[in-house]
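Me: I'm new to reading structures, and I'd like a close look at one part of this one. Could you walk me through the pair of packed helices in the second protein chain, and what lies around them?

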There are 2 protein chains.
Amino acid sequence: MSPRRASSEEKNNRYNVRVLDRAINILLTLADGKPRTLQEVSDAISLSPSTTFRLLATLSCYKFVQKDALGRYSLGLTCLELARAYYESNDLRKVALPELEALRDEVKETVHLAILEGTEVVYLEKLPGLHAIGLMGSRVGGRAPAYCTGLGKVLLAHLKAEEIEDFLRKQPLAPFTEKTITNPETLKCELEQIRKMGYALDRGEHEAEVRCVAAPIFDMHGAVVAAISISGPAGRMEPLDANLGLIERACQAARAISEKLGFRPRA
Amino acid sequence: MSPRRASSEEKNNRYNVRVLDRAINILLTLADGKPRTLQEVSDAISLSPSTTFRLLATLSCYKFVQKDALGRYSLGLTCLELARAYYESNDLRKVALPELEALRDEVKETVHLAILEGTEVVYLEKLPGLHAIGLMGSRVGGRAPAYCTGLGKVLLAHLKAEEIEDFLRKQPLAPFTEKTITNPETLKCELEQIRKMGYALDRGEHEAEVRCVAAPIFDMHGAVVAAISISGPAGRMEPLDANLGLIERACQAARAISEKLGFRPRA
DNA sequence: ATTGTGGTTTCATACAATGAAAATTTTAGA
DNA sequence: TCTAAAATTTTCATTGTATGAAACCACAAT
């Protein structure tokens, strides 16, 4: 699904502690959800079974990982508990939540809050729409490629020109649907547009049946730190460009959140 | 709120890797949500600033922790991502979810899924009721004391007698409300009752205005591995004992989940 | 400017983490 | 059920890594 993190030793800052590096690699490896035996883990991170065993034992004893009945390791409960802590103390999320709830209740469609992380979007909050069970694949803590989602495009649009070039160099523009933008030049134009308009549209570029409007959130320094979106099935959202009420409402909510973060509209 | 984990070095299994131990203690320390400066962290875990610095640098580089504008550390995005992985690959939760949704839609009240962890209950899933905004303090990944919640009591009830004694030795029965059971003997009787009846009631023992019905989930070996509950405001739930429909529905959902886990009703 | 505080880097040293290999347990096969 | 093989757990000697002290630096407060 999302581009997997390369095996190991990729982020060697000068001061990294080796054991920690290794232990973290175990966790990241297990983050794909596949339970592994000791051997499989030790293969995955290229360490001797004895070392791997000791690392897993330590992680295990704090419930960072757990052993299932078949002796295979997977992530443990502590991961969930740390996430709750992160989640609750996340200012952006806390500030945005009331606005997002109001927005969701008003438009009845699914509302997202997300940030840019590398070449991907990470969802910080998802409020499912009030219609039937959502067929949207997004999950809190989950990722999606930036170039083909409303949230992603609006976040990319506000990067520096050089960062955008950088992004294009790193990220191949694979087509998810008919509508996915796969030409770098086209994407750059689109981003330009988005920056000027102040919002992004997604006409099924990632999931064919999903349409979405996204708007950026600014912090007190005027930097874009996150984005929100309203998404729903094509049936209810089209014609998207003409749906000015929805677009306006998304932008307004984003502005309200920005102001709560200390953003001054006319700087 | 929840009893804090003691400072450090408490879980010294023979084979623990020291650095890892220390790094994990940093994470657990930061899990209270309070951002800390380098010094505060190094005090909290009783290590020299240089060592702490290096550990934090490593954690930081994998986004396990992050530094805010004031140079204070708090938990980072990776915690959220690991949790998502844990969450999605959690079989119990996956199996239970459809049942829980059906249950929630039917009774319109808040539905929980939880497990016992030490002397506390950890919520794995929370489906908010369909009435107004919930005043319930529970959160996925969060904890609550076992002895004064429906979920907790039903989970305790199915421990071995010796484990219950153990629990009572460790856990002081502090009163949260008028109704909290603070006498160990009374609690033991209550647990006995619960085991016989097959479900637990909470008449505001933790949060004064909340009532709750909880039922146990069994795995294929007949061991109790989790519990579910229906909770709501006293106004709508009382008279609780007489609310046989609700009780029956909770037990039925729990049984359905148990069977999906391979539990054979009449063994 | 001056001092002080907290953060970062350097460095020599001790000892903690390591892998090889032995011991043990578990699994598979007959 | 017993035997062989595989995987896990433990031991152990060695080395190189994590360590804290102290030097250094950035920056705030005076």
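Reply: Happy to! Keep in mind that this is a predicted model.

Let's start with the two helices themselves. Two packed helices are described by the angle between their axes and the distance between the axes. For α1(B) and α3(B), the angle is about 70° and the axes are 10 Å apart. Angles of 65 to 115 degrees count as roughly perpendicular, so α1(B) is roughly perpendicular to α3(B).

Now look at where they touch. From α1(B) come Arg22(B), Ala23(B) and Ile26(B), and on the α3(B) side they meet Leu55(B), Leu56(B) and Leu59(B). By class, this contact holds five nonpolar residues and one charged residue, with no polar ones.

Next, follow these helices outward to the DNA. α1 (18-30) and α3 (49-61) of chain B each give at least two residues to the surface near DNA strand D, and so do α1, α2 and α3 of chain A. In total, 19 residues surround that strand, and Ser50(B) and Thr51(B) are among the closest, along with Arg18(A), Thr37(A) and Gln39(A). This surface has eight nonpolar, seven polar and four charged residues.

Finally, turn to the partner chain. The contact between the chains takes 40 residues from chain B and 41 from chain A. On the chain B side, α1 and α3 appear again, each supplying at least two residues, as do β2 (73-75) and α4 (77-88). The largest share there, eleven residues, belongs to α4(B). Sorted by class, that side of chain B has 24 nonpolar, eight polar and eight charged residues.

Definitions and conventions:
Residues numbered from 1 in each chain as written. Chains lettered and ligands numbered in written order. Predicted model: local features only at pLDDT ≥ 70, side-chain atom pairs only at ≥ 80, totals over all residues. Near = placed C-beta within 6 Å. Helix = DSSP H or I, 4+ residues; strand = E, 2+ residues; numbered from the N terminus. Nonpolar A, V, L, I, M, F, W, Y, C, P; charged D, E, K, R; others polar. Axes fitted to C-alpha atoms, helices over the stretch in contact; angles between N-to-C directions. Parallel < 35°, antiparallel > 145°, perpendicular 65-115°, else oblique. Contact = placed C-beta atoms within 7 Å.
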